[in-house]
Amino acid sequence: MPRVKRSTNRRDSRKKTLALAKGFFLTKSKLYRSAQEAVEKALRYGYVGRKRKKRDFRRLFVVRINAGCRMNGISYSKFIGGLKKAAIDLNRKMLADLAANDPAAFTTLVEKAKSALVSA
């Protein structure tokens, strides 16, 4: 059988995995096989978590906008529909920030949305 010369590839790969597993509990940070499984799982969780973060923040924005709308006597769906008819393009992050930190500006947006709903 011919000799396989891997250079430093194997060692580098293992060192990289163990470096990623730094801080894990017991053998998951010390032994290569356990560390490899733990790192793979952690990377999967990280990927899913980045997608989930977007979902969670959008839900938070909707809750804040809805609270601001209810204080001004309109539902969230009617408000968003009114903004679309009034051709006001603000994303939910900005709307949530206005609802929480600048109620006067948010009230003017609600009035514009209401007037667009009545006129259409």
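The points below go through the fold, the overall dimensions and a few individual residues of this predicted model.

1. On the overall fold, the secondary structure of the protein chain amounts to 5 helices and 0 strands, and the order along the sequence is accordingly written as α-α-α-α-α. The radius of gyration of the protein chain is 26 Å, well over the 14 Å that the globule rule gives for 120 residues, so the chain is more spread out than a compact globule.

2. The dimensions can be put in a second way, since the C-alpha atoms of the protein chain fill a box of roughly 85 × 30 × 20 Å when this is taken along the principal axes. As for burial, 22% of the 120 residues in the protein chain are buried, a class that requires under 20% relative accessible area.

3. A single pair of residues gives a further sense of distance within the model: K114 and L18 are 96 residues apart along the chain, and their C-alpha atoms are separated by 59 Å. K114 belongs to helix 5, which covers residues 103–119, and K114 counts as partly exposed because its relative accessibility is 27%, a value to be read against limits of 20% for buried and 50% for exposed.

4. On surface charge, R50, K51, K53 and K54 come together in a patch of positive charge on the surface. One of these residues, K51, is located in helix 2, which runs over residues 32–71. With a relative accessible area of 40%, K51 is partly exposed, and K51 can therefore be admitted to such a patch on the accessibility criterion, which asks for over 30% relative accessible area.

5. Two backbone angles deserve a look, and the first concerns L26, which has a positive phi of about 50 degrees although it is not a glycine. L26 sits in the loop between helix 1 (9–20) and helix 2, and with a relative accessible area of 59% L26 is classed as exposed.

6. The second angle belongs to A87, a residue other than glycine whose phi is likewise positive, with a value near 60 degrees. A87 is placed in the loop between helix 3 (76–85) and helix 4 (92–101), and the relative accessible area of A87 is 63%, so that A87 is exposed.

Definitions and conventions:
Residues are numbered from 1 along each chain as its sequence is written. This is a predicted model: local features need pLDDT of at least 70, side-chain atom pairs count only at pLDDT 80 or more; totals for chains, interfaces and linings use all residues. Side-chain values use heavy atoms; hydrogens and water are left out. Patches are made of residues with over 30% relative accessible area and no salt bridge: like charges are joined within 9 Å, nonpolar side chains (Val, Leu, Ile, Met, Phe, Trp, Tyr) within 5 Å. Accessible areas come from the Shrake-Rupley method with a 1.4 Å probe; for residues, only the protein chains shown count as cover. A salt bridge is a side-chain nitrogen of Lys or Arg within 4 Å of a carboxyl oxygen of Asp or Glu. Lys and Arg count as positive and Asp and Glu as negative; His and the chain ends are not counted. The place of a charge is taken as NZ of Lys, CZ of Arg, CG of Asp or CD of Glu. Helices (H or I, at least four residues) and strands (E, at least two) are DSSP runs, numbered from the N terminus. Buried means under 20% relative accessible area, exposed over 50%, partly exposed in between (1.4 Å probe, protein chains only). The radius of gyration is taken over C-alpha atoms; the globule rule is 2.2 Å times the number of residues to the power 0.38.
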